[in-house]
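Biologist: Can we go through this one together? I'd like to talk about a sheet and then about cavities.

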Amino acid sequence: MLIYTLKRLVVALLVALTISLISFGLLFLSGDPATTIAGESADEAAIMAIRAQYGFDRPLYEQYFAWVLRAMQGDFGTSFYFNMPVTELIFERLPVTLGLGLAAITFAIILSIPLGVLAARYPNSLIDRLALTISVMGQAMPSFWFALLLIMVFSFMYPLLPPSGSETWVHFIMPTIVLGYYATPAIMRLTRTGMMEVLGADYIRTARAKGLRPRVVLFKHALRNAIIPVVSLAAVQLGFMLGGSIVVETIFALHGTGYLAWESIRRYDLPTVQAILLIFSLIYIVLTFLADLLNAWLDPRIRVA
Amino acid sequence: MMMRRFSKVKFWALAGTAAIALSFAAPTAQAGKADDTLNIAWDVEVPNVNMYFDTSRNGVIIAHHVWDALVWRDPASGDFKPLLSTGWKIVDDKTIEMDIRQGVKFHNGDAMTADDVVYTYNYLARADNGILNRNYTSWIDKAEKIGDSKVRITAKDTNPLILLYMGEIGIYPQKYYEEVGAEGMGRKPVGTGPYKITEVDPGKRIVFEAFADYYDSPKGKPSIKKIVQRTIPEMNTQVVELASGRLDWIWRVAQDQADRLDKTGRVKVINANTMRVGYLQLNAAGGPEDSPLRKQKVRQAINHAIDVEGIVKNLVRGSSEVIHAACYPEQFGCTDDVTKYEYNPEKAKKLLAEAGYPTGFTTVMYAYRDRSHNEAIMSNLAAVGIKTELRYGQYAATRDALRKGDVPIGSLTWGSNSIPDVDAILPVFFGGLPDDLSKDKEVQAWLVEGKSTLDQDKRKAVYKKALQKIADQAYWVPTWTYTTNYAISNDLDFKPTADEIPRFWTAKWK
């Protein structure tokens, strides 16, 4: 088991490195960072000075290996844009994104699993259709539109919630709903399919025949089995949310790492982009790993195998 | 997996508690006036409040509030006045001697001296200082102390904008800066300006407080006690924050949003001029040998054919102004006292006939913004017989084509980088640079003359000659000024300036 874990870890690191190598190359292909940093009205001399100052005049591979060496010691360098250590910058903003991601996935699970169970319990009924409509709407609505709609209603027409900032938990209500709602259909439909499959299985019939209460059959016997793929999916969705909360973070002015990554790409802030990519690919890999562990805990068969 | 059923009572109790908690925690609309705090939003993250490490406009705005300079350009009159100095003497075209003001304090309590001035200028002149903001500083050769409160500043070359640039160079405290360095200055800035920064949350939030010990400056004492800047990237969010009273000031609001905001009555929308001007650039010296635009009468006819006033009144609207010279009216050296071409299609037709085009001609017009305005211009031209084909594209591509000489008529705009001096516009289009399509040697020589002296009266005279010839020759059709929308709280008294640097120390509550 230990060897297996270690092997996975090495593979994970290699994946992260490959990602960073590709992103490094892509960013340099997309234009001259010195021009961007110098500002729009800068002359050639100013641009040259900045090129030398940041080492853009050195060969690309040299710049990359210098970065890798330092990153291995935990030093991600200094942000070109903010002129402060990247580590500090990211760890200041990571809690916002992590908090938002966890809240959103919780919201999505709380909304979609009961809907999925209900839909499976009464397939093709009005309840099923309704559950499907509610969840599919989440995916059909563009998140920027849904976010602005919420802001219009709950900040403008009925000023109950603040539309921007991240000072209190109240600031996270609307962003959580927008981000979480988007993940709902996938989880709901997987729950429904899983439940339908399980509910038709022999052991459920046996459980019912034993005279167990329907609720016990539904939740203890059926859901526990049906939920295994859902756990994996939720982990993947959480990964998406962490990296993909850019729109939500932008609209609600949350200043998390998603927005930071997006803006850093625009600003050619290479050290920041590199560090965020590395950290997020690591988080993603860890999440997948944790999902496997959770599955093993839920299903003894996986544990033994 | 245990699912425990909530009793109905429990559920409603919980929901009720949550609702109460929510109503307490949700920040109610904080009226900025009530706690003397001006809440403002910008859409871009401020990278660094250390003014020499930020090339963005927001950096310039912060600098004007936190760091006073030796010279101040009065936005009302355009005159240069002493700020951290008490006066100056222009020794020659490269040397200025400054008398340093006494009794000025930095935000940390230290006294500002001639040493701080010398230190700042020499720091900016150093090649290894690592600063990003070189546009205002690259002219500096050195600074020397030549008396207790006297400093001599030397430029590398003659540059007529030196005083203007000096007005952008904030004086840093030598002792403090040597102690904390560039990064420390970005976290805890110290200057002499009307506002001091008390809190920096990088990229997210900056808190300014009126500096109690601010000297008796020509800028005037700040009236509002506190300014809180927040970064809100999404304009729709800014608009809602403003309308619900959590913000007091936003800017660069799109026209449709501004109209809607105006209708709510909750806020005030101000449409104000920027330094951006629009113009048609006529390819007077390039293109084919038989190009009609090479003829002065044709260019004059085009000027007479376009109803600029009508387009401004009916299409552009807002506070846009009609211009007649190739510059923004408030720029130093700009004058409206040049040949004016009134809207007169008959005269245009007559001029075309005299030039040998009694039935007009067909040509191409390039444009990159404001399609409807350009279509109005095209219909004006068609009315006198000049048929134009519109090539509508990106700015960069349009400008590339223009530089290659492929653009007979280019409908463009220029913002002068908000520099209030014609040196930021005339040399670009008439000084022999790639965008110069008239290639007028005489005008080019005048512009060189205007750049080679610090004698402002001499400069004014020579620019007047240049602008007059540009108008006579009708190298351009100057059109109108461009505006931007500010949306502010009804409680706030704020006056925008064309250089797009909001001066919050002059803002007041009503």
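What follows is a short chat about those two topics.

Modeller: Ground rules: this is a predicted model, with local features needing pLDDT of at least 70, side-chain atom pairs counting only at pLDDT 80 or more, and totals for chains, interfaces and linings using all residues. Residues are numbered from 1 along each chain as written, chains are lettered from A and ligands numbered from 1 in written order, and side-chain values use heavy atoms, without hydrogens and water.

Biologist: Which strands stand at the edges of the open sheet in chain B, and why is one side of each left without a neighbour?

Modeller: Strands here are DSSP E runs of at least two residues, helices H or I runs of at least four, numbered from the N terminus, and two strands pair if DSSP finds at least two bridges between them. The four strands run S4-S5-S7-S6, paired antiparallel. The end strands have a single partner each, so one side stays free: they're S4 (85-92) and S6 (140-147) of chain B.

Biologist: In S7(B), which residue is the bridge partner of Gly147(B)?

Modeller: S6(B) and S7 (150-155) of chain B run antiparallel, joined by six bridges. In S7(B), Gly147(B) pairs with Lys150(B).

Biologist: By class, what residues does the lining of the largest cavity have?

Modeller: Lining residues have an atom within 4 Å of a cavity point, on a 1 Å grid over protein atoms alone, where a 1.4 Å probe fits but cannot get out. Ala, Val, Leu, Ile, Met, Phe, Trp, Tyr, Cys and Pro count as nonpolar, Asp, Glu, Lys and Arg as charged, the others as polar. The 14 lining residues include Asn374(B) and Trp480(B), which are among the closest to the centre. The split is six nonpolar, six polar and two charged.

Note on methods. 1 Å grid on protein atoms, 1.4 Å probe; cavity = no way out; pocket = protein on both sides within 12 Å on 5 of 7 lines; lining within 4 Å.
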